[in-house]
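Let's take a friendly walk through this model, strand by strand and helix by helix. Please have the sequence and the 3D view at hand.

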Amino acid sequence: MTYALRHASPAKTRAEAVVVGVLQGAKGPELAPGGEDVEAAFGRRLRPLMATLGVTGKPGEVTRIPVGEELATSLLVLIGLGKTADADAVRRAAGAAARAVPNATSVALALPAGSTELVRAVVEGYQLGGYRYTTYKADTSNTDETPQAPATVTVLSEESRTQKAKDAFETAQLEAAAVATIRDWVNTPPADLTPPVFADLVAAAADGVDHVTVTIHDEVALAELGCGGILGVGAGSAAAPRLVELTYTPADPVAHIALVGKGITFDSGGYTLKPGSSMSSMKSDMAGAATVVQATLVAAALGLPVAISTFAPMAENMISGSAMRPGDVLRIYGGTTVEVSNTDAEGRLVLADALVRATEVEPDTIIDVATLTGAMIVALGDKITGVMGSDATVADVLAAAERAGEPMWPMPIPEPIVERVHSSKVADLAQHDWIRWGGGLYAAAFLQEFTAGLPWAHLDIAGPSWHGGSASGHLTTGGTGAALTTLVEYIRTLSAKM
């Protein structure tokens with residue numbers, strides 16, 4: 001598929017389908033900015049036609065209108081935006097548009113694109129809304145389930161001649177491709193994405209990327225390092241754990257950050273066994289690792305002048321005679337001991353090793369991304385990421401999330417929760433304490449113990465990393481790639497500040 005950015009009239013653009021946005025106006029549906037030429041071409045007939053077809057402009061509404069001499073196209077597609085034409089609404093509408101024009105050979109998108117933010121939203125929405133995971137399909141030929149992608153997609157924008165719009169257009173394609181790769185990795189069946197396989201995929205993705213090096217620590221190296229958290233979680237699996245470390249070193253870095261991502265390739269819960277219904281999506285428990293890896297590679301591809309040290313601990317949490325048990329004491333990298341009481345709270349254990357490793361490279365800031373707690377889903381729902389940590393870093397992450405169009409919300413780490421982490425009678429720290437309240441906050445307080453007081457933010461993406469329903473907007477069923485665009489925006493903004 002080829003994308004193009006042009007300043008052209010949608011009414012005169014030759015494409016098999018032209019997509020125009022519709023707003024829910026105070027007096028009924030009205031075409032959104034970008035579709036003015038279409039309305040002019042139809043004249044007074046368009047509004048009565050929309051009324052006859054029941055067009056309302058509600059978000060995600062799709063109306064297909066075969067046209068004749070009015071337009072250069074043969075199919076006009078109206079996509080509902082809702083009451084506003086902001087970047088979030090445009091992103092969702094573009095995603096719906098990608099599924100509304102199956103098998104069109106060429107598509108022109110005349111959605112609102114009068115700013116760099118809207119140009120990005122159109123490209124990201126369309127590219128991600130059309131994402132399909134077909135690796136295990138026996139027949140991926142042209143069917144309703146796997147329609148043929150158009151050969152060309154043209155984004156129509158009056159800003160197309162500006163360098164900022166061109167840069168946003170290219171960046172959006174790069175970020176959307178990275179999100180698609182995260183989705184591919186998350187959607188892969190866990191038997192085919194064990195820690196060793198995942199580590200090799202990361203190395204392959206980084207191969208040939210300028211200024212990026214990769215180091216993979218296997219189980220022998222992990223034992224020599226003393227990474228008791230990763231080894232403890234991975235002890236019950238026939239697939240040995242890994243720690244993958246990436247380093248991006250631009251020529252003249254203006255700052256240095258460390259990224260840490262949870263990479264549990266499948267989580268059975270261990271001896272604290274999950275209910276069967278809760279395991280079906282547990283192949284997604286490595287989404288944090290996938291996200292920080294792809295964010296690093298996008299930053300490198302963009303040539304951003306921020307050095308990045310990335311740590312992706314990978315393990316499979318299974319049950320066997322050698323598996324970690326409740327009551328075990330693990331020694332984390334660096335020497336801190338942890339009493340295990342819940343083997344289903346394994347993510348914080350692998351992150352602890354990686355966070356200490358991250359502190360040793362002395363970054364300006366540490367950000368970790370993890371599908372960490374069901375408690376955060378209870379608190380914020382399944383579409384909002386909880387953000388905790390140092391006040392200034394949390395504020396910067398939230399600002400980046402706002403610009404990237406990803407919903408995130410700040411959560412506290414209260415002192416009474418910190419005290420609970422220090423409640424073990426046999427070890428330095430208690431991994432878990434079975435108090436129902438504040439489980440997401442407890443996990444963050446535990447992680448904070450391994451950050452050496454450095455500026456730090458923890459992103460709990462347990463909910464947003466997985467979309468269990470049918471496709472909606474730019475989200476498709478399965479892995480979502482949540483937090484990728486926020487991390488890249490954070491790094492981009494950091495480079496601009498410095």
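## Strand β2 and its partners

V20 has A110 in β6 as its bridge partner. This is a predicted model, in which local features need pLDDT of at least 70 and side-chain atom pairs count only at pLDDT 80 or more, while totals for chains, interfaces and linings use all residues. Residues are numbered from 1 along each chain as its sequence is written, and side-chain values use heavy atoms, with hydrogens and water left out.

The pair V20 and A110 belongs to a parallel pairing, in which 4 bridges join β2 to strand β6 (residues 106-110). Two strands are said to pair if DSSP finds at least two bridges between them. The elements themselves are DSSP runs numbered from the N terminus: helices are H or I runs of at least four residues, and strands are E runs of at least two. Strand β5 (residues 75-82) is also parallel to β2, with 6 bridges in the pairing, and here L23 is matched with G82 of β5.

Strand β3 (residues 28-31) pairs with β2 in the antiparallel sense, over 4 bridges. One bridge sets V22 against L31 in β3, and the hairpin joining β2 to β3 runs through 2 residues. How many of the 9 residues of β2 are buried? In strand β2 (residues 17-25) 7 of the 9 are, so β2 is largely enclosed by the rest of the structure. Buried means under 20% relative accessible area, exposed means over 50%, and partly exposed lies in between (1.4 Å probe, protein chains only).

## Two buried threonines

Now for T13, which sits in the loop between β1 (2-6) and β2. T13 has a relative accessible area of 4%, and is therefore buried. Leaving aside neighbours within four places in sequence, T13 is in contact with R6, A8, V18, A72, T73, A108 and L156; contact means heavy atoms within 4.5 Å. The C-alpha atoms of T13 and R161 are separated by 17 Å, and these two residues are 148 residues apart along the chain.

T154 is found in strand β7 (residues 152-156). T154 is buried as well, because its relative accessible area is 12%. Not counting residues up to four places away in sequence, T154 touches A4, R6, V107, A108 and L109.

## Helix α4 between α3 and α5

Two packed helices are described by the angle between their axes and the distance between the axes. Axes here are lines fitted to C-alpha atoms, for helices over the stretch in contact, and angles run from 0 to 180 degrees between N-to-C directions. Helix α3 (residues 87-100) packs on α4 at about 35°, with the axes 7 Å apart, and the crossing is right-handed. A crossing is right-handed if the near helix is turned clockwise from the far one by less than a right angle, and left-handed if anticlockwise. Among the α3 residues in this contact are A87, V90 and R91, and among those of α4 are E117, L118 and A121. By class, the contact of α3 with α4 holds 9 nonpolar, 3 polar and 4 charged residues. Here Ala, Val, Leu, Ile, Met, Phe, Trp, Tyr, Cys and Pro count as nonpolar, Asp, Glu, Lys and Arg as charged, and the others, Gly among them, as polar.

How do α4 and α5 lie? Helix α4 (residues 116-129) and helix α5 (residues 163-187) pack at an angle of about 30°, and their axes are 8 Å apart. The two are therefore roughly parallel to each other; angles under 35 degrees count as roughly parallel, over 145 as roughly antiparallel, 65 to 115 as roughly perpendicular and the rest as oblique. This crossing is right-handed. The residues meeting there include T116, V119 and R120 in α4 and K164, A165 and A168 in α5. The contact of α4 with α5 has 11 nonpolar, 3 polar and 5 charged residues.

## Helices α9 and α15

Further along, helix α9 (residues 287-302) packs with helix α15 (residues 484-497) at about 45°, with the axes 9 Å apart. That angle makes α9 oblique to α15. The crossing of α9 and α15 is right-handed. Contact residues include T291, V292 and Q294 of α9 and L484, L487 and V488 of α15. By class, 9 are nonpolar, 2 polar and 1 charged.

## A three-stranded sheet

Finally, an open sheet of 3 strands runs in the order β13-β14-β18, with mixed pairing. Its edge strands, each pairing on one side only, are β13 (329-331) and β18 (429-430). Strand β14 (residues 337-339) is parallel to β18, joined by 2 bridges, and E339 stands opposite A430 in β18.
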